[in-house]
Protein chains: 4
Amino acid sequence: MFDKSKIVHSNVVAEATKQALIRRGVTLEDIAEIVYELQIPYNEGLEMSHCLESVKGVLRKRELQHAILVGIELDELAEQGKLSQPLQQIVESDEGLFGVDETIALGSVFTYGSIAVTTFGHLDKNKTGIINELDTKKGRGVHTFLDDLVASVAASAAARIAHRSRDLEESGETFEDVLPGDTMPETKIKGAKI
Amino acid sequence: MFDKSKIVHSNVVAEATKQALIRRGVTLEDIAEIVYELQIPYNEGLEMSHCLESVKGVLRKRELQHAILVGIELDELAEQGKLSQPLQQIVESDEGLFGVDETIALGSVFTYGSIAVTTFGHLDKNKTGIINELDTKKGRGVHTFLDDLVASVAASAAARIAHRSRDLEESGETFEDVLPGDTMPETKIKGAKI
Amino acid sequence: MFDKSKIVHSNVVAEATKQALIRRGVTLEDIAEIVYELQIPYNEGLEMSHCLESVKGVLRKRELQHAILVGIELDELAEQGKLSQPLQQIVESDEGLFGVDETIALGSVFTYGSIAVTTFGHLDKNKTGIINELDTKKGRGVHTFLDDLVASVAASAAARIAHRSRDLEESGETFEDVLPGDTMPETKIKGAKI
Amino acid sequence: MFDKSKIVHSNVVAEATKQALIRRGVTLEDIAEIVYELQIPYNEGLEMSHCLESVKGVLRKRELQHAILVGIELDELAEQGKLSQPLQQIVESDEGLFGVDETIALGSVFTYGSIAVTTFGHLDKNKTGIINELDTKKGRGVHTFLDDLVASVAASAAARIAHRSRDLEESGETFEDVLPGDTMPETKIKGAKI
């Protein structure tokens, strides 16, 4: 039987995810900037703070946290030359037909609907902001998984804003009427999980 | 440009979805029963009312509402013989390699993570409860899309309970400690969208 | 039991798909042009004829044929005002959060791996060639589903060439060494199905 | 720029995949047995040798080979206690809400269409044959990723047979008319890639 005492608490996973991103040089602000750039054309009154909150909200999802932990682990192991061959060489060279990096990232993108999937594809091809800097092929460390994971978080947070924007529209509001801290009210209450 | 005055209000879509299910003979209770059967082995204190609330929560998602509207429309058009050939015959006979029925249903299943996808696959093969009764091959109308959509709603609602159950566990609670109306607290507040 | 006499023959489905695309103003050459534009930067010696053959190969897939038949049917029904409300209005206005159009298209994109998924996302956002001309918002008929389906075919055909290109590389060849008619040798023999 | 000299040859990846499965105690025959059990009710004349050939065909796919290499690497690292915390504990205990194991497996399942996805879900829940023996919770090593990957290969190979079966039907044949070595004729010719 499954031993419940062995379950890692959500808070531990959330904190580890946060630390892993920082360790790999990615701040939540970096991701929020991509979200802002994606959504500002469609959303009057949108501010960086709304985007940042959306990124934080998205990062509360278990599946995304797990995906980030796995991806960064593989990047770091590859950097240290600790994967077995031929996987070591495949990850190290970030080759285009590998596919597992996109697959892991897509897993969490799906949870924000098809609009998130197309945005992910767009970011993956056009590599904006921090995603571009992480490009493994540039030679500063291995980020074969991380660049896709960052694109995944950004695409999900942008999709979230697109949906929220419609909700506002329907009540005759825009993001100008929303305090940054109120973008995702559902995350503020005990027992809520998105 | 996109004409915003033409946007259909969320409430209209939600209500149309509800009416379409009723018209096709599927009650939320029918779906909740499948959810209960799936989750009771793992969740002490789980009641039908928790499952029913989870089904209602899942049905608030835009993508799922749209999928249901499209699927039921195609079923009804096929019943009335109004699709063009050869699509009419393919839908009418609910053939196994069609695939579009599962694809549409999967779109919304994805939004509840990989546990929802595997549960959907299980339901699709083992057809429990109302899903079995809807089987087009039994000859009582065309439900080629609807049986998959019902499996999709049930799988999503079950996945939601699995996640919620973990949250409860972490705070030392079980479903016994949760009032049925409190299963999805995040849906109770203004501006929240899951 | 499933009545085998009712099964529509593959050839009928394939022919209907071809006719539906022509009826809606999309030629295989239009799609091949998008593929060419996507792949020429990476493939020395690639010609339009290779791309055209790849498009034809992709269109032999059952799931993609079914997706195209369903999508075009819904576009045409919407054009004729024959869908029930509110679906009629949603499809007619091609609204961004609908999602079912991308979902149906994604179903077949998946069959060509994650590289096809990201390419699809890219095409969906950047709308090149015929995809742009099909934009429902331009007012020449309803193509809410068709633009995504064309992006799906193009993304799949491009992914196919990317994989084939690697195979050539490994045997020390480029597309210059491949007769257009030999791009997909596996489709040339009896009983083969990709 | 991407250094082509660093690309790992397909044959090396294919061989490494084969060796990894053997090292972890999974034979192609084990997987073929699951396929046989899934498909025999629908296919007159189907033999184990047809199933084995379908498994081999599926394993020729790059994305699936990569997925298997990544998954087994993570299983083995976890067994050796070499993953960092909390990932080590999550993988070691194979917890139900992890999700990355199913996500990686699903990536390749998708390439065989929606029928493969539902079959995968069915196998994941009902754990037949070798999948059951691999269950990490039984305490004989860590197979958190491998059980899902085996389900993925089996589901894909079964979907392949379902499609092939339809092709046979349309030419008035059954599997009785097919030599085991002719199940996937498209894999027999130079330059073919499925």
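From the N terminus on, chain A runs α-α-α-α-α-α-α-α-α, which comes to nine helices and zero strands. Helices here are DSSP runs of H or I with at least four residues, strands are runs of E with at least two, and numbering starts from the N terminus. The model is predicted, so local features need pLDDT of at least 70, side-chain atom pairs count only at pLDDT 80 or more, and totals for chains, interfaces and linings use all residues. Residues are numbered from 1 along each chain as its sequence is written, with chains lettered from A and ligands numbered from 1 in the order in which they are written.

Now for the inside of chain A. Of its 194 residues, 55% count as buried, that is, with 20 or more other C-beta atoms within 10 Å of their own (12 or fewer is exposed, in between is partly exposed; C-beta atoms are placed from the backbone). Residues 24 or more positions apart make up 75% of the chain A contacts with a separation of 6 or more, a contact being two C-beta atoms, placed from the backbone, within 7 Å.

Helix α3 (residues 48–58) of chain A has A:His50, A:Cys51, A:Leu52, A:Glu53, A:Ser54, A:Val55 and A:Val58 as its buried residues. Those residues pack against α2 (28–39), α4 and α9 of chain A.

A:Leu134 sits in the loop between α8 (130–133) and α9 (146–170) of chain A. Is A:Leu134 buried or exposed? A:Leu134 is buried, with 26 other C-beta atoms within 10 Å. Leaving aside neighbours within four places in sequence, A:Leu134 contacts A:His143, A:Leu146, A:Asp147 and A:Val150. A:Gly25 is 109 residues away from A:Leu134 in sequence, yet the two are 9.0 Å apart in space, C-alpha to C-alpha.

A nonpolar core is a set of buried Ala, Val, Leu, Ile, Met, Phe, Trp, Tyr and Cys residues joined through C-beta atoms within 7 Å. The largest one holds 248 residues, and A:Val35, B:Val35, C:Val35 and D:Val35 touch the most other members. Not counting residues up to four places away in sequence, B:Val35 touches B:Cys51, B:Ser54, B:Val55, B:Ala154, B:Ala157, B:Ala158 and B:Ile161.

On to how the chains meet. In the A–D pair, 31 residues of chain A contact 31 residues of chain D. On the chain A side, α1 (10–23), α4 (62–79), α5 (87–93) and α6 (100–109) each supply at least two residues, and α4(A) gives the most, with seven.

Chain A can be laid on chain D with an RMSD of 0.0 Å by a turn of 180 degrees and a shift of 0.0 Å along the axis, using least squares on C-alpha atoms of residues with pLDDT of at least 70 in both. That is the relation of a two-fold axis. The chain A C-alpha nearest the axis belongs to A:Ile104, 3.1 Å from it. The copies meet through the same surface, because 100% of the interface residues of chain A are also interface residues in chain D.

Chains A and C bring their α7 helices together. The axes of α7 (residues 113–126) of chain A and α7 (residues 114–126) of chain C come within 7 Å and cross at roughly 95 degrees.

Here are the residue classes for both contacts:

| Set | Nonpolar | Polar | Charged |
|---|---|---|---|
| Side of chain A touching chain D | 17 residues | seven residues | seven residues |
| Contact of α7(A) with α7(C) | four residues | eight residues | four residues |

Ala, Val, Leu, Ile, Met, Phe, Trp, Tyr, Cys and Pro count as nonpolar, Asp, Glu, Lys and Arg as charged, and the others, Gly among them, as polar.

Conventions. Axes are lines fitted to C-alpha atoms, for helices over the stretch in contact, and angles run from 0 to 180 degrees between N-to-C directions.
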